[in-house]
Amino acid sequence: MGDGPEVDIVASKPLIVAGMPMYNEEETIGTIVRRTLRHVDAVLCIDDGSSDSSAHLATRCGAQVTRHRVNRGYGGALKTLFVKSLQMGADILITLDSDGQHDPNDIPKIIEPILSGEADIVIGSRFIDGGTSVDMPAYRRLGIKVITAASNLSSDLNIKDTQSGFRAFSAKALELLRFDCEGMELSLEILEDANEKELKVAEIPTVIRYDVPKGSRFTALSHGFTVLAYALITLSQKKPLIVLGIPGFGLLATGAAMGLRAIDSVGEFTDVTIGPGITAAWIGVLGLSLIATGLVLQSARSILKLLIVKEFGID
Ligand SMILES: Nc1nc2c(ncn2[C@@H]2O[C@H](COP(=O)(O)OP(=O)(O)O)[C@@H](O)[C@H]2O)c(=O)[nH]1
Ligand SMILES: [Mg+2]
């Protein structure tokens, strides 16, 4: 029997692509692209109308640069990264900042759980054992903790670092995930969607630096506010009774207590009890209406769910 055609039994090497949203990062982009290329097959930079030489430097250092005509924000850049890496047939997309806050040498560690099939999304985390941050201001840490607590209340993922942009996505995650947000609240939208689509999310320790020339485009306050507002809106859609019912109950109890005190003292000081009496009434009414709204939204949610199951068979 002659030798038949050789069958290639060696699995083909996975295609690993790194993507960097890029906005006026000429101080750091060159070094980051070069350091990243040591660990991946291609680097894609998405430039949103930088006015400096970021695009030129990134191209010179070996990245493929895509320019948006108008600024579409971090979310727009991520959408383009998803589309481009799917077109390239990437097996993994790693996203990292072009401002030097993430260490490209951690890429092998971050893609490991995807290569071994343990996860579809991996987050480089500064808040789990072995992870840390350098020179991170205390108010940013507090802000991230509050946002993370709110987001963990609405999803069951229990992620410790919901705000890290150092992430890796499997091809399955690239195909399934859908998102609309333009700004940094996208970090939470993706996790919500991953949760709904039952994608496996893992966290791997990493270092996130704040001692870089331009660590953040937005102030902690505006960033924190947008993301926290998103987290609370999602939470109120998913668990309206917690968000509206608990404060509503608190107000109702306060109103009732004040009302009782006012009634108690009616006999002695008729004139002075009118003020507290009215306050008690409106606090109580506000509490009741919050509870009622919470109940209505909660049942609307159940009805909607029932309809979706009936109409589309999706559970
Ligand atoms: N394409 C694009 N990239 C952006 C935009 N805003 C910020 N970036 C990049 O996204 C990354 C994260 O932004 P940054 O301001 O550092 O956010 P932070 O570190 O989370 O506070 C950086 O690499 C920025 O260059 C934008 O509007 N478009
Ligand atoms: Mg940054």
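A residue is termed buried when its relative accessible area is under 20%, exposed when that area is over 50%, and partly exposed in between, as judged with a 1.4 Å probe and protein chains only. The model described here is predicted, so that local features need pLDDT of at least 70 and side-chain atom pairs count only at pLDDT 80 or more, while totals for chains, interfaces and linings use all residues. Residues are numbered from 1 along each chain as its sequence is written, chains are lettered from A and ligands numbered from 1 in the order in which they are written, and side-chain values use heavy atoms, with hydrogens and water left out.

The protein chain is divided into domain 1 (16-236) and domain 2 (239-312), with bounds from an automatic or database domain assignment. The C-alpha centres of domain 1 and domain 2 lie 41 Å apart.

The magnesium ion (ligand 2) has as its protein donors Asp 99 (OD), Gln 101 (OE1) and Gly 215 (O), at 1.9 to 2.1 Å. Donors are N, O and S atoms within 2.8 Å of the metal (3.2 Å for Na, K and Ca), and because water is not among the atoms, sites may look incomplete. Along the sequence, the spacing of these donor residues is D-x1-Q-x113-G. Asp 99 is buried, with a relative accessible area of 5%, and Gln 101 is likewise counted as buried, at 5% relative accessibility.

Ligand 1 is surrounded by 19 residues, of which Glu 25, Asp 48, Gln 101, Ser 216 and Arg 217 come nearest; a residue is near a molecule or strand if one of its heavy atoms lies within 4 Å of it. By class, this shell holds 7 nonpolar, 7 polar and 5 charged residues, where Ala, Val, Leu, Ile, Met, Phe, Trp, Tyr, Cys and Pro count as nonpolar, Asp, Glu, Lys and Arg as charged, and the others, Gly among them, as polar. Backbone atoms of the protein also approach ligand 1 in polar contacts (pairs of N or O atoms within 3.5 Å; within protein, one must be able to donate a hydrogen and the other to accept it, and residues adjacent in sequence count only if both atoms are side-chain atoms). A polar backbone atom of Tyr 23 is 3.0 Å from an oxygen atom of ligand 1, and a backbone N or O atom of Ile 46 lies 3.0 Å from a nitrogen atom of the ligand. For Arg 217, a backbone N or O atom lies 2.5 Å from an oxygen atom of ligand 1. The protein buries 95% of the 570 Å² that ligand 1 exposes when taken alone, with accessible areas from the Shrake-Rupley method and a 1.4 Å probe; for residues, only the protein chains shown count as cover. The elements giving two or more residues to the shell are β1 (16-22) and α3 (73-88), and α3 gives the most, with 3 residues. Helices (H or I, at least four residues) and strands (E, at least two) are DSSP runs, numbered from the N terminus.

Strand β1 includes Met 20, which is buried, with a relative accessible area of 0%. The C-alpha atoms of Met 20 and Thr 95 are separated by 5.8 Å, although these residues are 75 apart along the chain. In the loop between β1 and α1 (29-37) is Asn 24, a non-glycine residue with a positive phi of about 50°.
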